[in-house]
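The following exercises concern one protein chain and its model. Each task is followed by a solution that goes step by step.

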Amino acid sequence: MYGHVEKLAEEIKKGAASVEGVEAKLWQVPETLSDEILGKMSAPPKSDVPIITSHDLAEADGFIFGFPTRFGMMSAQFKAFMDATGGLWRTQQLAGKPAGIFYSTGSQGGGQETTPLTAITQLVHHGMIFVPIGYSFGAGMFEMEQVKGGSPYGAGTYAGDGTRMPSELELAQAFHQGKYIAGITKKLKTAA
């Protein structure tokens with residue numbers, strides 16, 4: 001809603017595109033809130049990133065899904081999108097494809113681990129291969145001198161009241177996640 005996930009997604013896309021032979025695309029899910037409600041929330045206008053359909057998923061070799069957190073879980077907008085992928089689930093068109101997760105939360109107790117943990121169920125039912133970053137980001141995973149989102153599940157940021165944007169360290173972790181998962185996706189595709 002306020003651009004935090006999109007900012008991380010842009011860095012993830014750069015990281016993925018840094019892997020030779022990988023084409024990365026940025027999409028957003030359809031908005032479910034009315035313009036009236038969005039106005040009351042002081043939400044800025046949506047970006048011009050294309051809206052994804054469930055059919056677009058079938059064409060991809062891998063995914064890195066990002067979403068804001070609502071009460072420790074993925075936002076309703078993303079959940080509604082995943083709920084619309086029943087046809088892909090029925091035919092298992094996403095089975096065997098690698099997928100990662102990244103997120104934005106409002107606070108330190110706002111779901112930096114529960115959000116990806118609960119989102120994994122979406123991947124599992126589709127038969128996707130969850131690819132966490134683990135501690136592959138190195139020293140950045142252990143940073144204690146500054147506020148930093150993210151976890152072994154994936155890159156993350158703290159939005160606070162909406163005015164805090166992702167830090168350089170959080171953006172670096174997002175770039176790393178894009179590169180890391182793109183490399184794994186490429187290996188799996190090459191091996192097939």
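**Exercise 1. What covers the buried residues of helix 6?**

Solution. The model is predicted, local features need pLDDT of at least 70, side-chain atom pairs count only at pLDDT 80 or more, and totals for chains, interfaces and linings use all residues. Residues are numbered from 1 along each chain as its sequence is written, and side-chain values use heavy atoms, with hydrogens and water left out.

Step 1. Helices (H or I, at least four residues) and strands (E, at least two) are DSSP runs, numbered from the N terminus. Buried means under 20% relative accessible area, exposed over 50%, and partly exposed in between (1.4 Å probe, protein chains only).

Step 2. The buried residues of helix 6 are Thr115, Pro116, Ala119, Ile120, Gln122, Leu123 and His126.

Step 3. Their cover includes strand 1, strand 2 (73–74), helix 4 (76–83), helix 5 (86–91), strand 3 (98–105) and strand 4 (129–130).

Step 4. After helix 6 comes glycine 127, with a positive phi near 80 degrees.

**Exercise 2. Describe the largest cavity and its lining.**

Solution. Step 1. On a 1 Å grid over the protein atoms alone, a cavity is a set of points where a 1.4 Å probe fits but cannot get out; a pocket is an open set with protein on both sides within 12 Å along at least five of seven lines, and lining residues have an atom within 4 Å of a point. Grid points are joined across faces, edges and corners, and a volume is the space filled by probe spheres set on the points.

Step 2. One cavity of 30 Å³ or more is counted, and the largest cavity holds about 30 Å³.

Step 3. Its lining consists of Phe65, Phe67, Met74, Phe78, Ile101, Ala119, Gln122 and Leu123. Strand 1 (63–70) and helix 6 (114–126) are the elements that give two or more residues to this lining; helix 6 gives the most, with three residues.

Step 4. Ala, Val, Leu, Ile, Met, Phe, Trp, Tyr, Cys and Pro count as nonpolar, Asp, Glu, Lys and Arg as charged, and the others, Gly among them, as polar. The lining of the largest cavity then divides into seven nonpolar, one polar and no charged residues.

**Exercise 3. Which residues touch the most other members of the largest nonpolar core?**

Solution. Step 1. A nonpolar core is a set of buried Ala, Val, Leu, Ile, Met, Phe, Trp, Tyr and Cys residues joined through side-chain atoms within 4.5 Å.

Step 2. The largest such core has 19 residues, and Leu57, Phe63, Phe65, Phe67, Phe78, Ile101 and Met128 touch the most other members. Strand 1, helix 4, strand 3 and helix 6 each give two or more residues to this core.

Step 3. Apart from this core lies another, of eight residues, including Val5, Ala9, Phe102 and Ala155.

Step 4. Contact means heavy atoms within 4.5 Å. Beyond its neighbours within four places in sequence, phenylalanine 65 contacts Leu57, Phe78, Ala99, Gly100, Ile101, Phe102, Leu123 and Met128.

**Exercise 4. Is histidine 176 buried or exposed?**

Solution. Step 1. Histidine 176 belongs to helix 7 (residues 168–191).

Step 2. Its relative accessibility is 18%, so histidine 176 counts as buried.

Step 3. Leaving out residues up to four places away in sequence, histidine 176 touches Ser136 and Phe137.

Step 4. Across the chain, buried residues make up 41% of the 192 residues.
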